[in-house]
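User: I'd like to learn how to read a few features in a model like this. Can you walk me through them?

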Amino acid sequence: EGAHVAAGWSMGHKVSGVRLNHDATGATNTLGPGGFRSVIIGFAGYLGPSLFGLATAYLISLDQIILALWLALACLAIMLILIRNFFGVVSVAISGLLVFLVLRNGSPEVQAVAACALSWFLLFSGVRLILMRGTRAQDAIDLTQDTHIPKFIWVTFWLAITVAALWVGGHLLIGSRSEERRVGKECRSRW
């Protein structure tokens, strides 16, 4: 739902609330003009986890682990303000508390593991959601009604983008860890 929020704000819509459900579904209510803007907002939702995971992987590859975790915490804080149901408030608050505790009390190694786990979780969950819901996804149904483009086309676009994000993000995460190992070996051999 965070991607719906970001897309809604970027399209000039007002976000009036977000609901998160225990079955990994949710709803974001935006107020603003329809048309192409609504299509962008609807399309963005299923890309959110993968794109946020990719952004986290990119920051990790730049050795910006603390920044990645602070941005995750900021996104969770924004969502907490927008959540309109009990389950959503509890799940976002617990997630935010865990990220905060890692930032405040975690060693650099724990912070790196947490950031990598967050990135991998987001990258895989983006693909998983699309495979689970497929053409039954409410966003695909809404987009088909708005554009007359068949649901399977929307699902195919989502799947292609999320798999690409997983591939690129995986290479960033594995490459950054490989580079750290190489640099660590060089330092030990010089020592």
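Analyst: Sure. Let's settle a term before anything else: helices are DSSP runs of H or I with at least four residues, numbered from the N terminus. Keep in mind that this is a predicted model.

User: Okay, let's begin at the surface. Which helices each supply at least two residues of the nonpolar patch?

Analyst: Those are helix 4 (65–82) and helix 5 (86–105). Helix 5 gives the largest share, 7 residues. The patch covers about 870 Å², and its members are Ile66, Trp70, Phe86, Val90, Ile94, Leu97, Leu98, Phe100 and Leu101.

User: Take Leu98, then. Is Leu98 buried or exposed?

Analyst: Exposed means over 50% relative accessible area. Leu98, which sits in helix 5, has 52%, so it's exposed.

User: Now the opposite case. Which residues of helix 1 are buried?

Analyst: Here the cut-off is under 20% relative accessible area. In helix 1 (residues 2–10), the buried ones are Ala3, His4, Val5, Ala7 and Gly8. They pack against strand 1 (14–20) and strand 2 (26–31), and also against helix 2 (36–44), helix 3 (48–61), helix 4 and helix 7 (138–147).

User: How do I read aromatic pairs?

Analyst: You describe a pair of aromatic rings by the distance of the centres and the angle of the planes. This structure holds 5 aromatic pairs. In one of them, Phe43 and Trp158 have ring centres 6.1 Å apart and planes at 25°, so that pair is stacked. It also joins distant parts of the chain: Phe43 is in helix 2 and Trp158 in helix 8 (residues 151–190), 115 residues apart. Both Phe43 and Trp158 are buried.

User: Which residues do ring pairs link into a cluster?

Analyst: Phe43 and Trp158 again, along with Tyr46, Trp154 and Phe157.

User: Last topic: backbone angles. Where does phi turn positive?

Analyst: Let's look at a glycine, then at other residues. Gly12, which follows helix 1, has a positive phi near 85°. Asp63 isn't a glycine, yet its phi is positive too, near 65°. You'll find Asp63 in the loop between helix 3 and helix 4. His148 is another non-glycine with a positive phi, about 65°, and it lies in the loop between helix 7 and helix 8.

User: Are Asp63 and His148 buried or exposed?

Analyst: Use the 50% cut-off again. Asp63 has 55% relative accessibility, so it counts as exposed. His148 comes in at 70%, so it counts as exposed as well.

Technical notes:
Residues numbered from 1 in each chain as written. Predicted model: local features only at pLDDT ≥ 70, side-chain atom pairs only at ≥ 80, totals over all residues. Heavy atoms only, no water. Patch = residues over 30% accessible without salt bridge, like charges linked within 9 Å, V, L, I, M, F, W, Y side chains within 5 Å. Areas by Shrake-Rupley, 256 points an atom, 1.4 Å probe, with all protein chains shown as cover. Salt bridge = Lys/Arg side-chain N within 4 Å of Asp/Glu carboxyl O. Buried < 20%, exposed > 50% of the residue type's maximum accessible area, 1.4 Å probe, protein only. Contact = heavy atoms within 4.5 Å. Phe/Tyr/Trp six-rings, centres within 6.5 Å; stacked < 30°, edge-to-face > 60°.
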